[in-house]
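This briefing is intended for a reader who has the sequence and the structure at hand. It begins with the overall chain and then turns to the ligand sites and selected strands and loops.

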Amino acid sequence: MNTLQDIQALRLHGVDDGSPIIIAGPCSAETEQQTLDTARALHADGVKVFRAGLWKPRTVPGSFEGVGSSGLQWLQQVKRETDMLIATEVATVEHVRDALAAGIDILWVGARTSANPFAMQAIADALQGHDEVTVLVKNPVNPDLELWIGALQRIMGAGITRLAAVHRGFSSAGAHIYRNDPQWHIPFELRRHAPGMTILCDPSHIAGKREFVEPLSQLALDAGFDGLMIECHCNPDQALSDSAQQITPDELHGILNRLVIRSGAPIDDELSMLRQQIDDCDHELLAVLARRMSVSREIGSFKKAHNLRVVQPARYQDVMKARLEEGRQLGLDEDFIQRLMQAIHEESVRQQLN
Ligand code: PEP
Ligand code: MN
């Protein structure tokens, strides 16, 4: 069995010149015109790898699910015209077969697929004997490093050596600043397991909103990622998928000019990794607090409608007692939990009275 350390750094046929690898293009190829317009603009800006999804795995049915194999000829046209390398997503054996037959250079496996070992094995089997192709494996939607490593190992097992990982954040319930929780310690941990492997960052899918793409890109480069996959559309507001996070080729051009490539050791040393984990925890805490206050306001309306008193001492005593016990079991200081719960309760009462 190959180990992750065996993976050679991804070599993008001369694109990998030591500067960050930039992959850009629309979330989805929608029409021939939109695909070519976007590709031409990106090529003019010096982008060397073009991405476009043809088969779109959407969380809920009914939204745009991609143009399918019929878009392969548009991607071939982009390749002929611009000589950019072409990347598209594959999720099934049929996608792999069609993409390979069309001469697609780079296949990426999306986050919903890399979470499924059966699908990964089927894709790996379909790739057997095609070591000319480059494969990118996005992190699974679940924040589970083992699952991500397992997905990479299955592809390696098929004899693919041009292999890289893409960090696109993790699904998490509730309101968050970002669409997908970055949990940076997970790709950093992957780097520790596979120091030689190329790891790219997809700031677009982490962000969910275009204004976060630039700061996340800078953070990713500072953290030592080898490149970025960024969603770009010639008319983002009209995009049929992921409209809010796509940027124009012009905006990408501006971002690429502003990004600072720092020399020296990346910041993925132990202290930075730990700080990043603290940031992740704080984001979670704030999101949970916001959810709790929103439930409080609903309770406030209910009490008002039913003419109930806002503060009910018996309920407060029960909640406090239960939380102190839970805190004790988690090894948390009793005095600290008491002060924390009091502060939360006070704010909750204030919200209910408003
Ligand atoms: C995409 O890149 O458009 C995509 C669907 O990505 P992910 O699998 O990361 O959601
Ligand atoms: Mn997308």
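The points below are grouped by topic.

The model is a predicted one. Its protein chain holds 13 helices and eight strands, and buried residues account for 46% of the 354 residues. The C-alpha trace spans about 75 × 45 × 40 Å along its principal axes.

**Surroundings of ligand 1**

- The residues around ligand 1 are Cys27, Arg51, Lys56, Glu89, Trp108, Gly110, Ala111, Arg112, Lys138, Arg168, His205 and Glu231.
- Sorted by class, this shell around ligand 1 comprises seven charged, three nonpolar and two polar residues.
- Two side chains supply polar atoms close to ligand 1 oxygen atoms: that of Lys56 at 2.8 Å and that of Glu231 at 3.1 Å.
- The backbone also takes part, with an N or O atom of Ala111 lying 2.8 Å from an oxygen atom of ligand 1.
- Ligand 1 taken alone exposes 300 Å², of which the protein buries 98%.

**The manganese ion (ligand 2)**

- Four residues provide the protein donors of the manganese ion: Cys27 through SG, His205 through NE2, Glu231 through OE and Asp242 through OD.
- These donors lie 2.1 to 2.4 Å from the manganese ion.
- The spacing of the donor residues in sequence is C-x177-H-x25-E-x10-D.
- Cys27 belongs to the loop between strand 1 (21-25) and helix 1 (32-44), and Asp242 to the loop between strand 8 (227-231) and helix 10 (249-258), so this pair ties together parts that lie 215 residues apart in sequence.
- Cys27 counts as buried because its relative accessibility is 2%, under the cut-off of 20%.
- Asp242, at 14% relative accessibility, likewise counts as buried.
- Cys27, His205 and Glu231 appear in the shell of ligand 1 and also among the donors of the manganese ion.

**Strands 3 and 4**

- Strand 3 (residues 85-89) and strand 4 run parallel and are joined by three bridges.
- Within this pairing, Thr88 of strand 3 stands opposite Leu107 in strand 4.
- In strand 4 (residues 106-109), Ile106 and Trp108 point one way while Leu107 and Val109 point the other way, and all are buried.
- Trp108 thus has two roles in this description: a buried residue of strand 4 and one of the residues around ligand 1.

**Strands 6 and 7**

- Strand 6 (residues 163-167) and strand 7 run parallel, with four bridges between them.
- Ala165 is placed opposite Ile199 in strand 7.
- Strand 7 (residues 198-201) is covered on both faces: Thr198 and Leu200 are buried on one side, and Ile199 and Cys201 are buried on the other.

**Positive phi angles outside glycine**

- Asp83 is not a glycine, yet its phi is positive, at about 65°.
- Asp83 sits in the loop between helix 2 (72-82) and strand 3.
- With 64% relative accessibility, Asp83 counts as exposed, the cut-off for that class being over 50%.
- Asp242 also has a positive phi, near 50°, and is a residue other than glycine.
- The place of Asp242 is the loop between strand 8 and helix 10, and its OD atom is one of the donors of the manganese ion.
- Asp83 is therefore an exposed loop residue, whereas Asp242 is a buried one.

Notes. Residues numbered from 1 in each chain as written. Chains lettered and ligands numbered in written order. Predicted model: local features only at pLDDT ≥ 70, side-chain atom pairs only at ≥ 80, totals over all residues. Heavy atoms only, no water. Near = heavy atom within 4 Å. Polar contact = N/O pair within 3.5 Å; in protein donor to acceptor, adjacent residues only side chain to side chain. Areas by Shrake-Rupley, 256 points an atom, 1.4 Å probe, with all protein chains shown as cover. Nonpolar A, V, L, I, M, F, W, Y, C, P; charged D, E, K, R; others polar. Donors = N, O, S within 2.8 Å, 3.2 Å for Na, K, Ca; no water. Buried < 20%, exposed > 50% of the residue type's maximum accessible area, 1.4 Å probe, protein only. Pairing = 2+ DSSP bridges.
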